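Please open the model in your viewer and keep the sequence panel visible beside it. The tour proceeds by selection, with a short account of what each selection shows.

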Amino acid sequence: MNVVQQRVFRNAYRDSVELMRIAAEIERLPGISRAGLVMATPANLAILREAGLADGLDPTAGPNDMVVAVLAAEEGAAGAGLDRAASLMRAAEAEAPGDGRRFEPTTLSESAADLPAANLALISTPGPYATAEALKALKRGMHVFLFSDNVPIEDEVELKEMGRRKGLLVMGPDCGTAIVDGVPLGFANAVRRGTIGLVGASGTGLQQVTCLIDAFGAGVSQAIGVGGRDLHEEVGGAMMLAGLERLSADGGTTVVVLISKPPAPSVATKVLQAAAASAKPVVVNFLGGDADAIRAAGAHPATTFEEAALVAARLALGAEPPSLGDGNEEAIAVTASAGLAAGQTRIAGLYSGGSLASEAGVVLKGMLGSAAAEHQILDLGDDEYTVGRPHPMIDPRLRSEKIEEAGRDPGVGVLLLDIVLGYASHPDPAGALVPAIEAATISAETNGRGLVVVASVCGTRADPQGFDRQRAVLIDAGALVVPSNARAARLAGLIARQVAARGATAR
Amino acid sequence: MWADGARPPRRLRATRIGIPLYDALADGVSRARVESVHRSAINLRIGASLATVACESVGGLPMGLQLAGEPALDRLGVKRGMPVLVGESEIAIPAAGLIVAANRGVLWSPIMPDLPSLPAELRSLRVAVALRMASDGPSIGLGPLLSALAGRPLAPGSALAARVAPVLADLVESLGAGDAALAAHEAHPLVGLGPGATPSGDDLLVGLLAGLAATRHPEAAALASRIGRRAAGRTTALSEQFLADAGSLRFSERVQRTTTAVLVGGAHELRTVIGATLAWGASSGADLLAGLLVAIGIDRPGLAATLRSLAAPAEAAA
């Protein structure tokens, strides 16, 4: 029984001689009895129908599309005929270099020409090429979101100096997150829009604060990432200052949040002076920084990302935000630690978010003092782990290995994890870790130990991965899931302290 | 407009510009896109219209800029879909680093020149001469129709010609009856019919309308506007523009030259021009010539019957 098949080539122009040549070649193939190549105009389609070659034809084929139709003895022959036609069309296209292919910009110049109204360039080239592209964008009057890392600090200084002169933002290098006019850039979450503006030298810090602002019922006007080195002495906080200035002048922003690891002292002074000069309330979270200095500048200090979000939400809403949970962590810690052996005193913090790892370190140091150094908090997104492989927020394999390793370590009692949702992250970050969590738990139990897994999910209910589903997956795997990273670190610290105290009592 | 550090833009100079395009450019800066790129022409989508930047050999086009010389336009880095900035004095394709300066182009009119009015017998005679000269044209598209109109049998396998011929016969009769509306209705199946970027049916209709315009046929304008209007969305973008131009009785320079040669050219000129016309595209020139000669010789006795006799058996029976 004969079969009819067609293939549509969009916007493909070929002259008649070429079409006849291709048709003739197709008709010589075994099993093909007829071939027709026509522009899909109504008149030509009528001819195809009359010839019995139009059955099942894609109804969206239009006058500027080429239809290749074959009548063949069986499906295999028809498919081979269409493949051959495609190959001949491609060969012909290669001979005519200008025609037939859809334009895809490959340079900044082409992109700018393609979208002349664009005022922001997102650059994610390898580091050695990034500076040149960023300079081009700035010279064109575009703000820059520079995702690339491995950009020399002197280049960063130059870029940010040019940005400052031109009144443009240079977000990065190594900037992972921003939300500009509601548009997420890099790793960012689907957060509610609102009146809280943020400037952060911390990618997952910005994500955590924006997500918790959302959870507290407030929203974000802008979230400007500046890259992790912006508050270094050499860079001088150029973009945090620029961002603060913009948000202070922004009619859609009522509260400003600044997030960073502790800045260089001279930079901290400049930033706090600028915060003091702002007419808007400014919440400052310099992880482990000097709260008194912040307070002295008239700003609101926050020691954790959760606190920064809470204070900002309170200021923006003019009311107490809803609670994220009862915080009954002491009781949970007592229960959880009961299953751990005396020697399981260490926490293995295996993080995909660098700022979240830093926050965990700060929280543990605040709780445990010098004993915090006994615990291992790894930022698996750090350069030493990501050479030649994707970031752990995208690729969970390295973290899975480390989780299984921790399960085999007799000194580890608590596994501390962050699960970061949002755009660009793994589509199922919790689910991807579950096999490793289960393997680690079994490994510990097989050897007569327990293993407590403490996790937080950084995300919103609007994120593509499904916030509730991700939590449920972790809970099903036996993890203790708490509303923020700071709480997770605190709970881990409490459990470790319980085990250590029990050991001390036993001695 | 240009990237820092990028190579300086290449400038091409237009020597002539079609008045309809000139009028469109005078409306101010607008955005356009590259629709297609060919060796001798780059087509640009400007709103609903298609404008063409073409080499000198292509000649004047109603919506065209004619360049000096024969630059290989498909080797300039221009690609389909590239954005184009269209200004009063220049057309720029920034992504390809190309500027076409339009401000020194001489205005060119696509309106058919006012040719002497010839008696029907003389027109028929000139058509007969032209058909003899064209009868060795291509065997694809509507090329076989030319040899059949010259009195030769329709070659076997000339399916398209056999399909078109009876349609043309009806059209000829309707025009003879002064019924442009009916003629337009009859012409409709020809729009977008046949292979190629400008389907044979379209080229035939452009030629037909050129012949009617040049001979001041009373139904020319009415038929043209109807065909031009009804072609939208029924044929390729390029062909749609040609039919839209023809719908306003605006024709390319080479169509005008062929028409003029058929009507008033000397034997040598006629032979030269017909040879050149037959060389357009795979069959475009032959297709256009078929329509042109039918229109100019529309008063030839027995024309409709001849055309009808060329129909494929099933259509003849119908």
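How many helices and strands does chain A have? Chain A has 18 helices and 18 strands, where helices (H or I, at least four residues) and strands (E, at least two) are DSSP runs, numbered from the N terminus. This is a predicted model, in which local features need pLDDT of at least 70, side-chain atom pairs count only at pLDDT 80 or more, and totals for chains, interfaces and linings use all residues. Residues are numbered from 1 along each chain as its sequence is written, chains are lettered from A and ligands numbered from 1 in the order in which they are written, and side-chain values use heavy atoms, with hydrogens and water left out.

**The two chains**

Select chain A as a whole. Of its 507 residues, 54% count as buried; buried means under 20% relative accessible area, exposed over 50%, and partly exposed in between (1.4 Å probe, protein chains only). Among the contacts in chain A with a separation of 6 or more, 74% come from residues 24 or more positions apart, a contact being heavy atoms within 4.5 Å. The exposed area of chain A is about 20,500 Å², and carbon and sulfur atoms supply 53% of it. Accessible areas come from the Shrake-Rupley method with a 1.4 Å probe; for residues, only the protein chains shown count as cover.

Now select chain B, which contains 13 helices and nine strands. Of the 318 residues in chain B, 59% are buried. For contacts in chain B between residues at least 6 apart in sequence, the share joining residues at least 24 apart is 67%. The accessible surface of chain B is about 12,100 Å², with 54% belonging to carbon and sulfur atoms.

**The nonpolar cores**

Select Leu145(B) and Leu223(B), the residues with the most contacts inside the largest nonpolar core, which has 71 residues. A nonpolar core is a set of buried Ala, Val, Leu, Ile, Met, Phe, Trp, Tyr and Cys residues joined through side-chain atoms within 4.5 Å. Helix 4 (residues 159-176) of chain B gives the most to this core, namely 10 residues. Then display the surroundings of Leu223(B): beyond residues up to four places away in sequence, its contacts include Leu171(B), Leu175(B), Ala180(B) and Leu212(B). Another core, of 57 residues, lies apart from this one; among its members are Ile179(A), Val220(A), Leu356(A) and Ile495(A). In soluble globular proteins, nonpolar side chains tend to be buried together.

**Parallel strands in chain A**

Select residues 346-351 and 376-379 of chain A, which are strand 14 and strand 15; they pair in the parallel sense over four bridges. Two strands pair if DSSP finds at least two bridges between them. Ala348(A) has Gln376(A), in strand 15, as its bridge partner. Between strand 14 and strand 15 the chain passes through helix 13 (residues 354-368) of chain A, and this β-α-β crossover is right-handed: with the strands pointing away from the viewer, the path from the first strand over the helix to the second runs clockwise.

Within strand 15, pick Leu378(A). Leu378(A) counts as buried because its relative accessibility is 14%. Its C-alpha atom is 5.2 Å from that of Leu350(A), 28 residues away along the chain. Outside its neighbours within four places in sequence, Leu378(A) is in contact with residues including Gly349(A), Ala357(A) and Lys402(A).

Move next to the open sheet of three strands in chain A, ordered 4-5-6 with parallel pairing. Strand 4 (120-123) and strand 6 (170-171) are its edge strands, each pairing on one side only. Strand 5 (residues 143-146) is joined to strand 6 by two bridges, and Val144(A) has Val170(A) as its bridge partner.

**Cysteines and two sites in chain B**

Which cysteine sulfur is closest to that of Cys458(A)? It belongs to Cys211(A), at 4.1 Å, which is too far for a bond. The structure holds zero disulfides over all chains, a disulfide being a pair of cysteine sulfur atoms within 2.5 Å.

Select Ser200(B), in helix 6 (residues 200-214) of chain B. Ser200(B) is buried, at 0% relative accessibility, and touches residues including Gly141(B), Leu160(B) and Asp287(B).

Finish at Asp299(B), in the loop between helix 11 (284-296) and helix 12 (303-309) of chain B. Asp299(B) is partly exposed, at 46% relative accessibility, and touches Ala120(B) and Arg123(B), residues up to four places away in sequence not being counted.
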